[in-house]
Amino acid sequence: MWDLFFQPFADFGFMRRALMGCFAISIGATPVGVFLMLRRMSLTGDAMAHAILPGAAVGFLVSGLSLGAMTIGGLIAGMAVALLSGFVTRVTALREDASLAAFYLISLALGVLIVSTRGSNVDLMHVLFGTVLALDNAALILLCSIASVSVLTLAVLFRPLVLECADPQFLRSVSGFSAVTHFTFLTLVVLNLVGGFHALGTLMAVGIMILPAAAARFWAVSIGGMIAAAIAVAMLSSLIGLLLSYHYSLPSGPAIILVAGVFYGVSLVAGPVGGLVARGLPRRSLEI
């Protein structure tokens, strides 16, 4: 039992740093994923994850695998795509989902082109799929800082975010903070995707944000319960994924996301809140 579950983290510092980094992402990004799911914006998170790629690629082009340069580049690119897609939606007949899809496809192609022409295949794999086992102390400080900012911001904006999920028109009619809440939330999405990018890459970062949130939907009714369940799923997925990666020489990022996918599949079938089994059980009729 010790060799299977504890020895990798006791013997190797890189495993401990990877686990701590994944836990930080789980605490910061997964609650954001819950609100993305409740607002029916899950695919928006996927689009934004790809949108940060050209900025990170430019940072890589300027300073190599520099944490600061790639973080700043990713933030600028992500926010630019979010603002441009919103602007196009407001001044043209194109809907928001179509404009966001157009910008993120352009961003993805541009980012891959920059990295592939200026770097090696190893660099491209690093950007796309991350290197969670190579996290250093600076990356951990960044991930923990992003998680802290996310938790504090969500605590401050919790009530307007919940109201916007339930009835955004009502929030606009009674409060002038609707637009502020929306753009602050988008900023949190980009911030957490940039943090997750350093560990899991642009293609996998959104997985730790959305899959645990989708799984938690089948285990809790309240938003607080969903957030707690989603964080638990994300942490367990990180732990099991890293152990599978260590014992079976699997790529760490995809292993973590696939474990989260397994949790989602189990929740879909066996979850007590709207799962397939719960829906198939006969309901008791009320006796008068």
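Let's start at a cysteine: Cys22 is buried, with a relative accessible area of just 2%. Keep in mind that everything here comes from a predicted model, so the numbers are computed from its atoms. Does Cys22 have a partner, and which cysteine sulfur is nearest? Cys22 is in no disulfide, and the nearest cysteine sulfur belongs to Cys144, 11 Å away. A disulfide is a covalent bond between the sulfur atoms of two cysteines. For a pair to count here, the two sulfur atoms have to sit within 2.5 Å, and the sulfur of Cys144, at 11 Å from that of Cys22, is too far for a bond. The surroundings of the two residues can be put side by side as well: Cys22 is buried, whereas Cys144 is partly exposed, at 32% relative accessible area. For the structure as a whole, the disulfide count is zero.

Now zoom out to the fold. How many helices and strands does the protein have? The tally is 14 helices and zero strands, so reading from the N terminus you just get α after α, right to the end. The radius of gyration is 20 Å, close to the 19 Å that the globule rule gives for 288 residues, so the protein is as compact as a globular protein of that length. If you want a box to think in, the C-alpha trace spans about 70 × 60 × 30 Å along its principal axes.

What about the inside and the contacts? Buried residues account for 47% of the 288. Take the contacts between residues at least 6 apart in sequence: 74% of these join residues at least 24 apart.

One helix gives a nice close-up of the interior. Ser150 lies in helix 8, which covers residues 137–156. Is Ser150 buried or exposed? At 0% relative accessibility, Ser150 counts as buried. Leaving aside residues up to four places away in sequence, Ser150 touches Gly28, Leu188 and Asn192.

On to the loops, where a couple of backbone angles deserve a look. Arg40 is not a glycine, yet its phi is positive, at about 55°. Where does Arg40 lie? Arg40 is in the loop between helix 2 (13–38) and helix 3 (42–51), and with 77% relative accessibility it counts as exposed. Further along the chain, Ser249 is another residue other than glycine with a positive phi, near 55°. Ser249 belongs to the loop between helix 12 (223–248) and helix 13 (252–270), and at 69% relative accessibility Ser249 counts as exposed.

Step from that loop into helix 13 and you can find Val262. Val262 is exposed, with a relative accessible area of 54%. For a feel of distances across the model, pair Val262 with Gln169: they are 93 residues apart in sequence, and their C-alpha atoms are 37 Å apart in space.

Finally, the surface and the charges. The protein exposes about 14300 Å², and carbon and sulfur atoms supply 70% of that area. As for charge, there are 13 positive and 10 negative charges in the protein, and the mean positions of the two sets are 8 Å apart.

Terms used
Residues are numbered from 1 along each chain as its sequence is written. This is a predicted model: local features need pLDDT of at least 70, side-chain atom pairs count only at pLDDT 80 or more; totals for chains, interfaces and linings use all residues. Side-chain values use heavy atoms; hydrogens and water are left out. Helices (H or I, at least four residues) and strands (E, at least two) are DSSP runs, numbered from the N terminus. The radius of gyration is taken over C-alpha atoms; the globule rule is 2.2 Å times the number of residues to the power 0.38. Buried means under 20% relative accessible area, exposed over 50%, partly exposed in between (1.4 Å probe, protein chains only). Contact means heavy atoms within 4.5 Å. Accessible areas come from the Shrake-Rupley method with a 1.4 Å probe; for residues, only the protein chains shown count as cover. Lys and Arg count as positive and Asp and Glu as negative; His and the chain ends are not counted. The place of a charge is taken as NZ of Lys, CZ of Arg, CG of Asp or CD of Glu.
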